[in-house]
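Grab a coffee and work through these short exercises with the structure open beside you. Try each task before reading its solution.

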Amino acid sequence: MRFPLLEAIDPDVGVNSLQSYQLSPSKHFSLGVQSRANGVKYPELVLERALDREEEAVHHLVLTASDGGVPLRSGTVLITVTVFDANDNAPVFTSPEYHVNVPENLPVGTQLLTVTATDKDEGANGEVTYSFRKLPDTQLLKFQLNKNTGEIKISESLDYEETSFYEIEIQAEDGGAYLATAKVLITVEDVNDNRPEVTITSLFSPVTEDSPLGTFIALLNVHDLDSGQNGEITCSIPENLPFKLEKSIDSYYRVVTHRILDREQVSSYNVTVTAKDGGSPPLSMETHFILQVADINDNPPTFSQISYFTYVPENNPRGASIFSVIAHDPDTKENGQVIYSLAEDTIQGAPLSSYISINSDTGVLYALQSFDYEQFRELRLWVTARDSGNPPLSSNASLSLFVLDQNDNTPEILYPIVPTDGSTGVELAPRSAEPGYLVTKVVAVDRDSGQNSWLSYRLLKASEQGLFLVGLHTGEVRTARTLLDRDALKQNLVVSVQDHGQPPLSSTVTLTVVIADSIPEVLADLGNLEPAQESNTPRLTLYLVVAVASVSCVFLAFVIMLLAFRLRRWHKSHKLQASGDGLGGIPTSHFVGVDGVRAFLQTYSHEVSLTSDSRKSHLIFPQPNYADTLISQESCEKKDPLSLLDDSKIPIGDTPLVPQAPPNTDWRFSQAQRPGTSGSQNGDETGTWPNNQFDTEMLQAMILASASEAADGSSTLGGGAGTMGLSARYGPQFTLQHVPDYRQNVYIPGSNATLTNAAGKRDGKAPAGGNGNKKKSGKKEKK
């Protein structure tokens, strides 16, 4: 290109005028001279080489114009060439590749790096803008680029496990559409931000409790998304479990049994597997699985006791539940289902199953028969408990069944034996017999045991009151006094034998005692002996009941009248007090108190003595002032002894009343004197039973005894054995030393002696403790 320049002016002419132009040296420009038509020369600046503003933005040139005169004259002009910028340079990055390593846990907005690109141009041509080039959308969301500054920041969290390396291409563009590119290589470093994971790939549950050691239970797969040391995993399970972990291939672990399993101790296990990585700090994770232990029949049923004891009263109802056994089996389902049974056995020739049965499901035993204590007292059997496993297991327990006695047997009289021809047995007693003479002995046994078999004897009826007495515990019939000529030849005695059960049971026996001096005399009169007439007994009892009822009604009417009178007097006195009048004028005798009623009761008390063998009865009314003392009547005159053989002529009412002697409280049993039907002693027959009973029981015994005597109509208020005097001596309590011994029931009729084990004991003298015929202070024992 040519750039015209202004020409120089020289007013000279000719040689002295402008002759030439000269340009200072320059590598980009040269000088060209052109002439016009008029011959004027003008210079032109010729561009020899391309200009580069980036190398030299301004060129300074000197143009010199010279004439041809002498001296040579010249003129200069300064030429400044300004090179305008052109977009002839592309942006250039400082580095073609940028490398950066960042941890994956950097927060969002963190600046990773800054890229820089330069452009030599200026102005708009030198302004560079940055942008991503060919970046996927997934990465475009992760990073943010400032187009003016070239700063690269994180717009989303980085995840090493998702992408561990990013390659980003960034371009720089100037205003003239020149481009430059560079690469940014981002390496994400792993951080221990992932917990290890445990996956149960297989589980064999349940496992039988008899599994051998090393049995495979479960297969576990462990993995960690982290890398390096952060991804190194170690697994463990609690040491108290009967399992252990074994390393398998790669990242697999096996769970196997380490100890013997027992379902009865632990039926299921909650296994916890802990996986821990090697990061810093380490991360761990727990995985749980439940392992069930399957049952096998390895435990037999077990009873709570090896042996059982139970008591069943006899005469129990059939089908009643008598006992229950329970066996526990720690196994489950059919292995723990217990079935009860009884071992086969025989009892007195009969199978056990006919006596007792057992519920196979509940273990409750039932009585199939009513037990009899007298048949057998103890029953031993074996109970078997068997489970339903395969094979079944069983265990046994013994059961002792004791039958308790009940008072279900009446006393059985062994002697005297009741004749089979309907006659009455006869006992002999000589008229010369002294008091305490042993006439006979009633021997009785009771099939029951204990207190139910303790027997006591008493005289219920007697033709002659006070003539005979019966041993309370021995059953010996002895004379109570000396036999008199007026005593009847034939004496009828009714003896009662009673046990001490609840309720008591009793039996009676009738004895006929013939009084004679010689056996031939007795044999001659045996044909004339007849049973005592007792036809009037019901009528006499009726009379007695009517008399007692009449007296009671009269007494009740009197009490009602007395109370009405007292109420009337009290009402009047109340009115007098209301009206202001006092009671000072009323005599004291008008008031009747409790003491007066008591005196009245004593005054009108009656004692009745009746006999069953006489056709006439005597009512005895003692004087009121002696209500506490039995008054004896004068004896009737004696009758002809020959008439004594006739029952209808026996003088019962002529018998004198003998006051009741108080019991001897010092009476005791010695070690050799055992009360019962076979007592070996001759002791006091009026002795009391063990005196540890309550007063209420004594009163009840007295009432029962007196009621029995009144019904029989044979006992007087002051009689001997079997009357109210002996009723209070009956007690229900005994010790083991009172158990009778029936092997000693041997006596010799007509003798005062009884064969006993105690040597030197004689019965020839009267009992030391009193026999009811002695008087003490003239007072009767108060009942």
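**Exercise 1. Confidence**

What pLDDT does the protein average, and what percentage of the residues score at least 70?

*Solution.* Start with the overall numbers for this predicted model: the average pLDDT is 75, and 70% of the residues score at least 70. Next, look for the weak stretches. Residues 529-535 have a pLDDT below 50, yet the stretch has 16 contacts in the model beyond near neighbours in sequence. Residues 580-783 are also below 50, with 359 contacts beyond near neighbours. Finally, decide how to treat such stretches: where pLDDT is low, the predicted coordinates should not be read in detail.

**Exercise 2. Cysteines**

Count the disulfides, then work out whether C235 is buried or exposed and do the same for C553.

*Solution.* The count is quick: the structure holds 0 disulfides. For C235, the relative accessible area is 17%, so this cysteine is buried. C553 comes out at 52% relative accessibility and therefore counts as exposed.

**Exercise 3. A buried acid**

Find D119 and describe what surrounds its side chain.

*Solution.* First, place the residue: D119 is in the loop between β10 (117-118) and β11 (129-133). Second, look for a charge partner. D119 is buried but has no salt bridge, and the nearest side chain of opposite charge, R53, is 7.6 Å away. The cut-off for a salt bridge is 4 Å, so R53 doesn't qualify at that distance. Third, check the backbone: the D119 side chain reaches the backbone nitrogen of D121 at 3.1 Å. Fourth, list the contacts, leaving aside neighbours within four places in sequence. D119 touches N87, N89, A90, P91, N125, G126, V128 and D174.

**Exercise 4. A tyrosine in a strand**

Which strand holds Y308, and which residues is Y308 in contact with, leaving aside its neighbours within four places in sequence?

*Solution.* Y308 belongs to strand β25 (residues 307-313). Its relative accessibility is 6%, so Y308 counts as buried. Leaving aside neighbours within four places, the contacts of Y308 are F303, F323, V325, I326, A397, S398, L399 and S400. Take S400 from that list: it sits 92 residues from Y308 in sequence, but their C-alpha atoms are 6.2 Å apart in space. To finish, check for side-chain polar contacts: one of 3.0 Å joins Y308 and S304.

**Exercise 5. Backbone oddities**

Inspect the peptide bonds leading into P71 and P503, then the phi angles of K134 and K333.

*Solution.* Begin with the background: most residues other than glycine have a negative phi, and most peptide bonds are trans.

- The V70 to P71 bond is cis, with omega near -10°; P71 lies in the loop between β5 (58-67) and β6 (74-82).
- The Q502 to P503 bond is cis too, with omega near 0°; P503 lies in the loop between β42 (490-498) and β43 (506-515).
- K134 isn't a glycine, but has a positive phi of about 55°. This lysine is in the loop between β11 and α1 (137-140), and its relative accessibility is 70%, so K134 counts as exposed.
- K333 isn't a glycine either, and has a positive phi of about 55°. Look for this lysine in the loop between β27 (327-328) and β28 (338-342). With a relative accessible area of 72%, K333 is exposed.

Methods: Residues are numbered from 1 along each chain as its sequence is written. This is a predicted model: local features need pLDDT of at least 70, side-chain atom pairs count only at pLDDT 80 or more; totals for chains, interfaces and linings use all residues. Side-chain values use heavy atoms; hydrogens and water are left out. pLDDT is the predictor's confidence in each residue, from 0 to 100. Contact means heavy atoms within 4.5 Å. A disulfide is a pair of cysteine sulfur atoms within 2.5 Å. Buried means under 20% relative accessible area, exposed over 50%, partly exposed in between (1.4 Å probe, protein chains only). Helices (H or I, at least four residues) and strands (E, at least two) are DSSP runs, numbered from the N terminus. Lys and Arg count as positive and Asp and Glu as negative; His and the chain ends are not counted. A polar contact is a pair of N or O atoms within 3.5 Å; within protein, one must be able to donate a hydrogen and the other to accept it, and residues adjacent in sequence count only if both atoms are side-chain atoms.
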